[in-house]
Amino acid sequence: MKVNVLTGGPLACVPQSIFEQKDEWWCGVDYGAVELIDHKINPMLSIGDFDTATDEERLQVKNQSHQLVYRPLKDDITDTELALRYLFAHYSIDQLNLYGATGARMDQLLANLFFILKPEYQEQVERITIIDRWNEMRFFKPGCHQLKRNPQMKYLAFIPLTAVEGLVLPDEKYQLQRTDFDFSVALSSNEFVGPRATFSFERGILMTIQSCD
């Protein structure tokens with residue numbers, strides 16, 4: 001099952017083509033649920049505290065969502081993480097595309113990246129993709145992997161989010177022999193040579209970013 005999640009981040013950062021995917025499964029997080037309904041998409045799940053929505057918008061979300069999870073109290077996780085925790089607990093998800101998770105607020109961007117490192121998400125980490133107008137971010141555990149090139153993206157980056165051992169980039173424009181990284185670093189501005197790029201590593205969590213200007 002593939003699920004699309006729209007958070008309340010700036011719509012200017014979200015690919016507008018996503019609103020054409022009306023027949024897919026959608027989850028709206030906080031004001032993201034309002035945006036989905038405004039674009040004629042009834043979410044399978046709406047979740048959050050909805051503190052930025054008006055009373056009329058909250059009523060719309062309640063009436064037009066298949067399921068509503070209202071969280072009025074703040075706790076130790078963001079609404080976005082609450083949504084992912086709920087989705088992975090209650091649905092059999094093979095792929096989760098997260099939209100609206102990047103934008104003006106740097107603290108929210110970092111929160112949406114760093115929760116990946118929590119032990120509870122280690123089984124799901126490779127199923128999550130964060131997408132905006134300029135970037136497609138994926139996360140990987142140790143092993144040998146292949147990335148399919150997004151034809152709209154020019155650049156490819158490899159970013160150890162933790163210490164990473166044995167990273168090898170054998171067929172990218174800028175290749176890398178087996179290398180260890182003791183701390184996070186951005187190996188940016190690489191590129192695909194063909195339709196796919198191969199990479200492998202032996203320990204840690206790695207993020208890949210396909211991006212365009």
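The following exercises concern the salt bridges of this predicted model.

**Exercise 1.** State how many salt bridges the structure holds, and determine whether the partners Asp79 and Arg71 are buried or exposed.

*Solution.* The total is 11 salt bridges. In one of them, Asp79 pairs with Arg71, and their closest N and O atoms lie 2.6 Å apart. A residue is buried when its relative accessible area is under 20%. Asp79 has 11% relative accessibility and therefore counts as buried. Arg71, with a relative accessible area of 9%, is buried as well.

**Exercise 2.** Identify the salt-bridge partner of Glu81 at 2.8 Å, and locate both residues in the fold.

*Solution.* The partner is Lys118, the closest N and O atoms being 2.8 Å apart. Glu81 belongs to helix α3 (residues 79–90), while Lys118 sits in the loop between α4 (106–114) and β6 (128–131), so the pair ties together parts that are 37 residues apart in sequence. As to accessibility, Glu81 is buried at 4%, whereas Lys118 is partly exposed at 28%. Finally, Glu81 and Lys118 are members of a network of salt bridges that also links Arg85 and Glu120.

**Exercise 3.** Decide whether the contact between Arg178 and Asp180 qualifies as a salt bridge, and classify the accessibility of each residue.

*Solution.* The closest N and O atoms of Arg178 and Asp180 are 3.5 Å apart. The criterion is a separation within 4 Å, so the pair qualifies. Partly exposed residues fall between the limits of 20% and 50% relative accessible area. Arg178, at 47%, is partly exposed, and Asp180, at 41%, is also partly exposed.

Key. Residues numbered from 1 in each chain as written. Predicted model: local features only at pLDDT ≥ 70, side-chain atom pairs only at ≥ 80, totals over all residues. Heavy atoms only, no water. Salt bridge = Lys/Arg side-chain N within 4 Å of Asp/Glu carboxyl O. Buried < 20%, exposed > 50% of the residue type's maximum accessible area, 1.4 Å probe, protein only. Helix = DSSP H or I, 4+ residues; strand = E, 2+ residues; numbered from the N terminus.
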